[in-house]
Amino acid sequence: MAGAENVSKQRPASDGHWHRLRLSRSAWLDVAWAVFVGLNLAAMRLLPAWQTVPFLAIWVSLTVIYGFRLWRLQPTILTWAAVTLATGGIIGVQVLKGQQDADYLAEVPLIAMMFLVMVWHGRRRLAALQERLNALEEVQRISEENLRLLERQRRFLQDASHELGTPITVALGHAELIERAVADQLVAADARVVAGELARLRVLAHRLLLLASADSPDFLATAPVQADSLLLDALTRWGHIPRRWRLGEVTEVTVHADRDRLAAALDALLENSVVHTVADDRIELSASLDEYHGYVVFAVADSGCGIPAADLDRIFDRFARARPYRSRETGGFGLGLPIVQAIAEAHGGSVRVRSTVGGGSVFELLIPGPAGPVSARDELETRVSSHSPL
């Protein structure tokens, strides 16, 4: 602790030392310039025939040192006035003695005015730069505040979803127990309603928690995942629902991904297809390898009612629902497709959809394959090599 205190005490002393060193360097620069001006004033006084050179040297050096130092307005005006009086006084004395022409004296106010114009432009640009810096600082402050608010919102959703899980599960268990144990059919019906709503709340809490944690570093636990096994497990979970289920083309390929997250994404796509189809409609799962772009494409196609073109751009927004809107009985929250998109983007992939009203929909989940996605440069090199002569 004593060593830490000594270090903390030495830091201000070190900072003060460097501050005094910078001030001393600035003072030496001013002193050197003052000596330079004094020598040139002496040359103007002693060498009237060559005084144009030291005269211009003084004003040029003043311009140069002002460009580096950018004095405040009062020191600048005082320095300008002193140099003007000194150079103009020497030339004026020489004009009175007949050593210089009277029109030569007019150069002093002209050079002085040029310097003032430069000072005015410099200060104006400095003020504009300061305004820009202030604006950038304000933008940065607002951005940091927005990031903090987003982080608080994400943590709130995580905490709220996590805390809701336990009481909802307990209440759901009691409601299901009452439904099975009670003899009164009216009470049993009410218990089923309560159990159904609690089940919906549990799904909502789980999906909110998943979306809130989508940006966290530990969102994915990647490992080799076989595409065919993933689709077969999905069909096992959903095959009891009365639809015409079909397993389409399945390429034997392994992706490096989070199996649970991919399963959740497929479940969301299948749930969406189930909601927008009826018992006689077809739902097909497939997995293919896009070797050209380096993606494994998991597709869920159905022959349901389809999605209007106006809704295709918004169905991946949170809480958005495509027409025809889901009924309350189907349990839709408008979070399934956003979850699919979040999982795809977390893997470095994407999701896309093709749909026709009355002609069904095809959702495709694109996940980087074993070799990863092909970059634009690799794609260009492939095209060039394919067209090059042998």
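Which residues line the second largest cavity? The legends below start there and then move on to other close-ups of this predicted model.

**View 1. The second largest cavity and its lining.** Seven names to look for here: Asn-272, His-276, Asp-302, Gly-306, Ile-307, Ser-361 and Phe-363 line this cavity. Sorted by class, that lining comes out as 2 nonpolar, 4 polar and 1 charged residues. The volume of the second largest cavity is about 30 Å³, and the structure holds 2 cavities of 30 Å³ or more. Keep an eye on Phe-363, which turns up again in the next view as one of the residues with the most contacts inside the largest nonpolar core.

**View 2. The largest nonpolar core, with its best-connected residues.** This core is built from 45 residues. Leu-262, Leu-285, Phe-298, Phe-363 and Leu-365 have the most contacts inside it. Helix 7, spanning residues 259-275, gives the most to this core, putting in 8 residues. Another core lies apart from it, with 20 residues, including Val-37, Phe-55, Leu-62 and Val-119.

**View 3. Leu-285 and the residues around it.** Zoom in on Leu-285 and, leaving aside neighbours within four places in sequence, you'll find it in contact with a run of residues from Trp-245 through Arg-246 and Leu-247 to Gly-248. Leu-285 also meets Leu-231, Ala-234 and Leu-235, plus Leu-270, Ala-299 and Val-300.

**View 4. Leu-247 in strand 2.** Strand 2 covers residues 244-250, and Leu-247 sits in it. Is Leu-247 buried, partly exposed or exposed? Leu-247 counts as partly exposed, because its relative accessibility is 37%. Skipping residues up to four places away in sequence, Leu-247 touches four leucines by name: Leu-231, Leu-232, Leu-235 and Leu-285. Glu-284 is worth picking out too: Leu-247 and Glu-284 are 37 residues apart in sequence, yet their C-alpha atoms are 5.6 Å apart in space.

**View 5. Ala-263 in helix 7.** Back to helix 7, this time for Ala-263. Ala-263 is buried because its relative accessibility is 13%, and the cut-off for buried is under 20%. Not counting residues up to four places away in sequence, Ala-263 touches Leu-230 and Arg-237. For a distance to check on screen, try Ala-263 to Asp-233: 8.4 Å from C-alpha to C-alpha, with their positions 30 residues apart in sequence.

**View 6. Asp-317 in a loop.** Asp-317 is found in the loop between strand 5 (295-302) and helix 8 (336-346). With a relative accessible area of 43%, Asp-317 is partly exposed. Its contacts, again leaving out residues up to four places away in sequence, are Gly-334 and Pro-338. Leu-335 is 18 residues away from Asp-317 in sequence, and the two are 8.0 Å apart, C-alpha to C-alpha.

**View 7. Zooming out to the whole protein.** To put the close-ups in context, the protein has 9 helices and 7 strands. Of its 390 residues, 34% count as buried. How much of the accessible surface belongs to carbon and sulfur atoms? The share is 61%, out of an accessible surface of about 24100 Å². As for contacts between residues at least 6 apart in sequence, 69% of them join residues at least 24 apart.

How values were computed
Residues are numbered from 1 along each chain as its sequence is written. This is a predicted model: local features need pLDDT of at least 70, side-chain atom pairs count only at pLDDT 80 or more; totals for chains, interfaces and linings use all residues. Side-chain values use heavy atoms; hydrogens and water are left out. On a 1 Å grid over the protein atoms alone, a cavity is a set of points where a 1.4 Å probe fits but cannot get out, and a pocket is an open set with protein on both sides within 12 Å along at least five of seven lines; lining residues have an atom within 4 Å of a point. Grid points are joined across faces, edges and corners, and a volume is the space filled by probe spheres set on the points. Ala, Val, Leu, Ile, Met, Phe, Trp, Tyr, Cys and Pro count as nonpolar, Asp, Glu, Lys and Arg as charged, and the others, Gly among them, as polar. Helices (H or I, at least four residues) and strands (E, at least two) are DSSP runs, numbered from the N terminus. Buried means under 20% relative accessible area, exposed over 50%, partly exposed in between (1.4 Å probe, protein chains only). Contact means heavy atoms within 4.5 Å. Accessible areas come from the Shrake-Rupley method with a 1.4 Å probe; for residues, only the protein chains shown count as cover. A nonpolar core is a set of buried Ala, Val, Leu, Ile, Met, Phe, Trp, Tyr and Cys residues joined through side-chain atoms within 4.5 Å.
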